[in-house]
Amino acid sequence: MSIVSARAAAPRQLVNQAVLEKLKRDVSGQIVLPGDKDYDAARRIWNAMIDKRPALIVYCATTHDVVRAVNFAMDTGLPLAVRGGGHNIAGNAVCEGGIVVDLSRMKAATVDPGSRRVIIEAGALLADLDAATQVYGLATPVGINSTTGLAGLTLGGGFGWLSRKHGMTVDNLESAEVVTAAGEVVRASAGENPDLFWALQGGGGNFGVVTRFEFRLHPVGPEVLSGLIVYPLAEAKSVLQQYREFAAKAPDELAVWAVLRKAPPLPFLPAEVHGKEILALALCYAGDPARGEPLVAPLTRLGTVLGAHVGVQPYVNWQQAFDPLLAPGARNYWKSHNFSKLDDRLFDTVIQYAGKLPSPQCEIFLGAIGGATARPRSDATAYAHRDAQFVMNVHGRWDDAADDQRGIRWAREFFNATAPFATGGVYVNFLTADEGERVKSAYGPNYDRLAGVKRRYDPANLFRVNQNIVPA
Ligand SMILES: Cc1cc2nc3c(=O)[nH]c(=O)nc-3n(C[C@H](O)[C@H](O)[C@H](O)COP(=O)(O)OP(=O)(O)OC[C@H]3O[C@@H](n4cnc5c(N)ncnc54)[C@H](O)[C@@H]3O)c2cc1C
């Protein structure tokens with residue numbers, strides 16, 4: 001008997017009732033179906049441009065639930081999506097007419113301060129990780145928006161304020177528990193299933209459902225020197241040139257990112273600056289704040305400061321500083337390049353496009369990584385972009401679908417105009433849904449090895465709702 005009935009039917013009828021009832025009995029978490037009152041909330045993700053209607057959403061409570069859900073997908077042939085934090089711009093946390101394995105209720109964390117390790121379930125957000133580890137004054141490098149999912153971020157590489165000092169998130173991964181396409185629970189580490197472990201360190205969700213991560217931790221804060229220094233767009237070229245010189249000599253402890261956008265109504269900016277185009281330098285010093293202060297002082301002397309708000313604050317607060325600007329519910333379209341150096345002509349193009357932002361929420365940021373992220377060999381982990389000193393993201397963002405065309409055109413034109421200065425590599429976690437032709441650039445020279453690991457762990461490509469690696 002076929003357990004998947006006609007694909008054209010309404011999603012509720014897609015799955016044979018008896019098979020569904022069995023799944024309901026087998027999992028300890030919750031199953032949400034089309035028509036249920038929670039269905040629309042359950043299928044909604046960070047990027048409001050994504051509007052997919054899964055046949056069922058399984059809120060897993062345990063690794064065992066994940067095994068059941070994976071087996072269900074294998075048996076039924078339904079597409080399978082895995083949701084960590086649901087933040088991915090491409091919308092791969094959900095799928096049309098398939099099963100969503102939703103991990104958002106699996107967030108437990110155990111910290112061992114002695115060995116400086118955390119074991120954390122894969123539905124955790126960055127805020128959950130930071131909250132658990134900062135109790136002990138420990139942290140591992142993750143992204144700059146605390147509501148991002150830890151799982152998707154880690155599996156793509158992961159970088160943030162601590163990365164120049166402590167590397168990519170995957171450089172700090174010690175082990176992972178994985179449910180494979182065969183429904184087996186395996187551990188991956190340097191000593192166990194090392195090929196799988198290598199592939200998880202940047203190969204995305206291609207190899208199984210990670211249910212648990214173990215990370216190495218480092219003493220951080222709990223207070224760090226951090227904040228913003230804001231300059232007018234009119235002075236951006238000169239400020240960016242000085243920023244380039246500064247960044248080249250900055251110690252690993254110091255990360256300074258450049259952001260061009262319209263000024264939000266921040267309390268430390270005069271009212272007349274609100275809504276005007278600005279260049280903001282966002283910084284974090286991941287060492288003793290007293291040592292950081294003289295180091296960051298020159299950043300306030302690069303031109304006419306419109307406002308500055310730099311001080312010592314809890315690391316967890318700085319990790320949440322950008323959350324209000326990045327709240328879920330807006331329509332988002334991104335384009336991204338990696339740069340090994342910053343060319344003057346790149347600055348000209350950045351400034352030109354920052355002068356014609358299609359909405360007040362759009363921004364262009366240059367994230368300074370380098371430091372410890374650039375020292376491993378490009379084949380040390382699946383994340384290959386060890387030549388990237390800066391990751392640029394063109395963040396198109398607006399509220400109204402009527403603005404889609406204009407905003408997307410701006411982002412694409414800007415992306416094309418800046419391509420001549422880029423490395424050609426791209427961070428897999430910044431790819432949108434329409435960038436299939438860039439997937440090989442995202443995995444770079446490691447693609448073929450990844451395709452080999454994929455063949456071993458997922459020969460039928462069950463895990464394909466992602467930036468997909470085709471089994472070799
Ligand atoms: C506002 C914002 C800020 C960001 N800032 C940063 C940043 O500072 N640094 C950075 O590195 N990245 C950043 N990102 C990118 C971020 O790393 C990706 O969006 C990432 O995919 C988010 O992870 P998630 O778990 O929320 O994603 P989801 O959308 O839930 O999933 C993304 C992909 O990962 C797969 N996946 C998720 N969980 C699992 C799992 N447990 N097992 C197997 N596969 C899984 C999914 O199937 C999907 O293909 C940012 C994103 C946003 C939206």
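Helix α5 gives the most to the shell around the ligand, with 4 residues. The model is predicted. In it, 34 residues surround the ligand, and the protein also holds a largest nonpolar core of 81 residues. A further point of interest is Lys335, a buried lysine.

**Ligand shell**

- Among the 34 surrounding residues, the closest are Gly84, Gly86, Asn88, Phe159 and Tyr427.
- Three elements each supply at least two shell residues: β3 (80-83), α5 (150-156) and β10 (209-216).
- By class, the shell counts 17 nonpolar residues, 16 polar residues and 1 charged residue.

**Polar atoms facing the ligand**

- Ile144 places a backbone N or O atom 2.9 Å from an oxygen atom of the ligand.
- Val210 also uses a backbone N or O atom, which lies 2.9 Å from a nitrogen atom of the ligand.
- Asn429 takes part through its side chain: a polar atom there lies 3.1 Å from an oxygen atom of the ligand.
- The ligand exposes 950 Å² when taken alone, and the protein buries 97% of that area.

**Nonpolar cores**

- In the largest core, of 81 residues, the members that touch the most others are Trp161, Tyr243, Leu281 and Leu299.
- Strand β14 (residues 277-285) provides the largest share of this core, 8 residues.
- Tyr243 is in contact with Val256, Trp257, Ala258, Leu281, Leu302, Leu342, Leu366, Ala368 and Phe390, leaving aside neighbours within four places in sequence.
- Another core lies apart from the largest one; it has 70 residues, including Val15, Ile31, Ala124 and Ala451.

**Lys335**

- Lys335 sits in strand β16, which spans residues 331-339.
- Its relative accessibility is 7%, so Lys335 counts as buried, the cut-off being under 20%.
- The side chains of Lys335 and Glu435 are joined by a polar contact of 2.7 Å.
- Beyond four places in sequence, Lys335 is in contact with Met392, Asn393, Val394, Ala411, Arg412, Phe415 and Glu435.

Notes
Residues numbered from 1 in each chain as written. Predicted model: local features only at pLDDT ≥ 70, side-chain atom pairs only at ≥ 80, totals over all residues. Heavy atoms only, no water. Near = heavy atom within 4 Å. Polar contact = N/O pair within 3.5 Å; in protein donor to acceptor, adjacent residues only side chain to side chain. Areas by Shrake-Rupley, 256 points an atom, 1.4 Å probe, with all protein chains shown as cover. Nonpolar A, V, L, I, M, F, W, Y, C, P; charged D, E, K, R; others polar. Core = buried A, V, L, I, M, F, W, Y, C linked by side-chain atoms within 4.5 Å. Buried < 20%, exposed > 50% of the residue type's maximum accessible area, 1.4 Å probe, protein only. Contact = heavy atoms within 4.5 Å.
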